[in-house]
Amino acid sequence: MTNSERFLLKYKNPNDIKTVGERIRYYRYQANLTQDEVAEALGINSNTYFYYELGKYQYHPLDKLTQIAQILGIDEDLLLDDYYRFMKQGQRDSLLALYEARHITRKELSEQIGISPSTLYHWETEKTRIERNSFALLYPNGLKPFI
């Protein structure tokens with residue numbers, strides 16, 4: 001049995017896949033493509049692509065996820081988790097929607113999650129990218145109540 005057959009047997013339902021890297025691998029196997037083929041189509045080094053699937057990077061560039069989805073012939077949303085949906089919408093717009101939905105100010109949110117108001121400001125102005133662990137503080141239950 002090949003690696004792809006074992007993987008596809010393990011994940012019969014792609015909705016059970018939690019990581020973006022494993023989602024990429026799942027749909028690559030479905031498309032019957034090799035890592036080298038996808039890397040070449042992306043115009044990146046094979047090792048870089050390999051690390052995308054392994055989850056070795058803290059952040060997958062959104063433009064690369066869009067390109068990967070196109071290469072695999074799938075809708076980009078199939079690859080994205082809540083964090084990447086948040087990032088795709090834009091930090092500023094997402095945070096402003098969060099303030100409005102919770103009826104709170106930047107200062108109140110900063111007190112609730114233990115982050116300085118200036119950090120929230122840097123996120124709003126997109127001077128600093130929100131990391132996954134901070135996203136989890138902002139959205140402990142994911143985006144479902146907000147999208």
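Here is a quick tour of the fold, one helix pair and one surface patch.

This is a predicted model, where local features need pLDDT of at least 70, side-chain atom pairs count only at pLDDT 80 or more, and totals for chains, interfaces and linings use all residues. Residues are numbered from 1 along each chain as its sequence is written, and side-chain values use heavy atoms, with hydrogens and water left out.

The protein chain has 10 helices and 0 strands; these are DSSP runs (helices H or I, at least four residues; strands E, at least two), numbered from the N terminus. Its C-alpha atoms fill a box of roughly 55 × 30 × 20 Å along the principal axes. Of its 147 residues, 40% count as buried, meaning under 20% relative accessible area, while exposed means over 50% and partly exposed lies in between (1.4 Å probe, protein chains only).

Here are the helices that come up below.

| Helix | Residues |
|---|---|
| Helix 2 | 20–30 |
| Helix 4 | 46–54 |
| Helix 5 | 62–72 |

Helix 2 and helix 5 pack at an angle of about 20°, with their axes 10 Å apart. Axes are lines fitted to C-alpha atoms over the stretch in contact, and angles run from 0 to 180 degrees between N-to-C directions. The two helices are therefore roughly parallel to each other, the word for angles under 35 degrees.

On the surface, F50, Y51, L54 and Y57 make a nonpolar patch of about 340 Å². Patch residues have over 30% relative accessible area and no salt bridge, with nonpolar side chains (Val, Leu, Ile, Met, Phe, Trp, Tyr) joined within 5 Å and like charges within 9 Å. A salt bridge is a side-chain nitrogen of Lys or Arg within 4 Å of a carboxyl oxygen of Asp or Glu. F50 lies in helix 4 and is partly exposed, at 33% relative accessible area.

Methods. Accessible areas come from the Shrake-Rupley method with a 1.4 Å probe; for residues, only the protein chains shown count as cover. Angles under 35 degrees count as roughly parallel, over 145 as roughly antiparallel, 65 to 115 as roughly perpendicular and the rest as oblique.
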